[in-house]
Amino acid sequence: EKHQKNKMNENIRALSGARVIALGVVTQKAVSVILNQFVVLEIVSAEAYGIASIRLELVLSTVLFLSRESFRLAMTRSGRSSAATTFVAWVPAVLGTILAAVVYIFGHNVFTVKEENDAFKLYCIAAALESISEPAHCVALARVEALPRALPEPFALFFRDITRAGLMLTFNCSPLQAFGYSQLSYAFTLGLARFGTWYFLIPKSRQPKTWFPSFRSENKEAKHILHMAIKFAAQSTLKHALTQADKVFLWRYVSKLDAGVYAKVENYGALVCRVILQPIEEAARLALARISTESEAIQLYALFLKGATYLALLFATLAAPYAGLALSLLRGPQGILEDASYSTCDDSSCSERRRITLGIAAYCLLIPGLAMNGIAEAFVHSRGTSRHLSLLSLVHILTAVAFLTLARLSIANSQLDNVPAALIYALSFAYSFRVLGVLAITYSSDLLSFLPPNLVLLTFAFVALIARSSQHYYYYYATPNFALNMFMLHIATAVFSFLLVLTVAVRTDQAYVRRFVPSLLSIRSSPIAKEK
């Protein structure tokens, strides 16, 4: 009975921690969006932004991902032995530092321009510095502590963006210098915030006895965690190769200017991924890993998957037709007036805006695949067997091959004048195959409940038709004299469509709303807490 009570408390704590992490990530991304949109993107040229966001970020993310992702996945499935988790937590720190040094030694000749080479050096130092604070994050994963994961990143991100904007606006630093030094400040602040959160906000009874690793050979649990990390390593590497394949392709085959346009499209288009999808995936992964029984995990997986399905339908039907309008509103009144002449503008700046708008519309069709895939992979990582992980690796390989093939065909097509949108469409098709593969791996008869009712699906189809018609008549054919009126009608159509879908979904799928939504608002109302 005592064991069951402890398990129940751990389940409730896991779901509560998932909620805190989701809120922390939302705050983090909101700050990033505001500062990037209103400061950085209006100052930095497309070419410089492309170098920083495509090439330098690819180097940084690769070093960090390869050194820590498999260990993070292993920690979510590990026990709570203080000595074992502390020992394993320092492995990615050492590995990340060594990998950053190796990348700089063998990669600095790739950046022949001095300014790019200096920024590359700063990014490598930042990767090593961020790796040193990784033990604080890994131990928090193993101990189901939300604060050391949710609080440091928003704080460090805010400091990074303030530093970047201040260097460009006040000290007239070049964009690449500002990006490099701001990333270095982010890594340093993140490390202080991670260990500071443990020291000041976590009770001493829940802190590790020591942060120094023990090298005792009898610690079998540490060996078990390392074994799991090795099993996850190959699959994590394949996943990273797929998610970063577009950047590798842009670096290799696309000009710096086109890469910069793609980077701006990704910055706008990935907004929903950073603000909504990533917190949900993190919450699902944490909650599923700590559920005690398989039947409870399947039920929770179906609930998360249904939520992802609703998001996928919403963005597939409503988001794409309103991508141009959203970009205009972000750019302010001047953007609305300029985009009123969307169909007649021929200058270079308008051509760039048109390409960004088309790219964002394409990204909206990628979001459904990202939403469904994130939840499905969270379940595989949290509850899957060795066979499931092997099949998932095969799915990643096939998806990567499909994307690279479609991307090469898109670039080779001389009739395509929008390289970023073509690559995003190729990635969308690849993710569609990937979602089908992952869902096949995790198939269960209990999962069929994730499909919305037929009436909801018909409503989404009707709303998609309305949105496309509104885009055609109210947006593309708006004139400068009637821009505001036409755009207001376009917005009114969007509000009507959303309220229609929301009303039908709430009234038709009441069982899902009553069961899932309260679990996000109050942990006491979660399905598992009620069942217990």
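**Exercise 1. Identify the residues that ring pairs link into a cluster, and classify the pair Phe111 and Phe120.**

Solution. Ring pairs join Tyr104, Phe111, Phe120 and Trp251 into a cluster. Rings of Phe, Tyr and Trp (its six-membered ring) pair if their centres lie within 6.5 Å; planes under 30 degrees apart are stacked, over 60 edge-to-face, and the rest tilted. The count by this rule is 9 aromatic pairs. Among them, Phe111 and Phe120 are stacked, at 4.9 Å centre to centre with 25° between the planes. Both Phe111 and Phe120 are buried (under 20% relative accessible area; exposed is over 50%, partly exposed in between; 1.4 Å probe, protein chains only).

The model is predicted: local features need pLDDT of at least 70, side-chain atom pairs count only at pLDDT 80 or more, and totals for chains, interfaces and linings use all residues. Residues are numbered from 1 along each chain as its sequence is written, and side-chain values use heavy atoms, with hydrogens and water left out.

**Exercise 2. Determine which parts of the chain the salt bridge between Arg72 and Glu134 links.**

Solution. A salt bridge requires a side-chain nitrogen of Lys or Arg within 4 Å of a carboxyl oxygen of Asp or Glu. In Arg72 and Glu134, the closest N and O atoms are 2.8 Å apart. Arg72 belongs to helix H2 (residues 46-76) and Glu134 to helix H5 (residues 134-142), distant parts of the chain 62 residues apart. Helices (H or I, at least four residues) are DSSP runs, numbered from the N terminus. Both Arg72 and Glu134 are buried. A network of salt bridges links Arg68, Arg72, Glu130, Glu134 and Arg194.

Key:
Helices (H or I, at least four residues) and strands (E, at least two) are DSSP runs, numbered from the N terminus.
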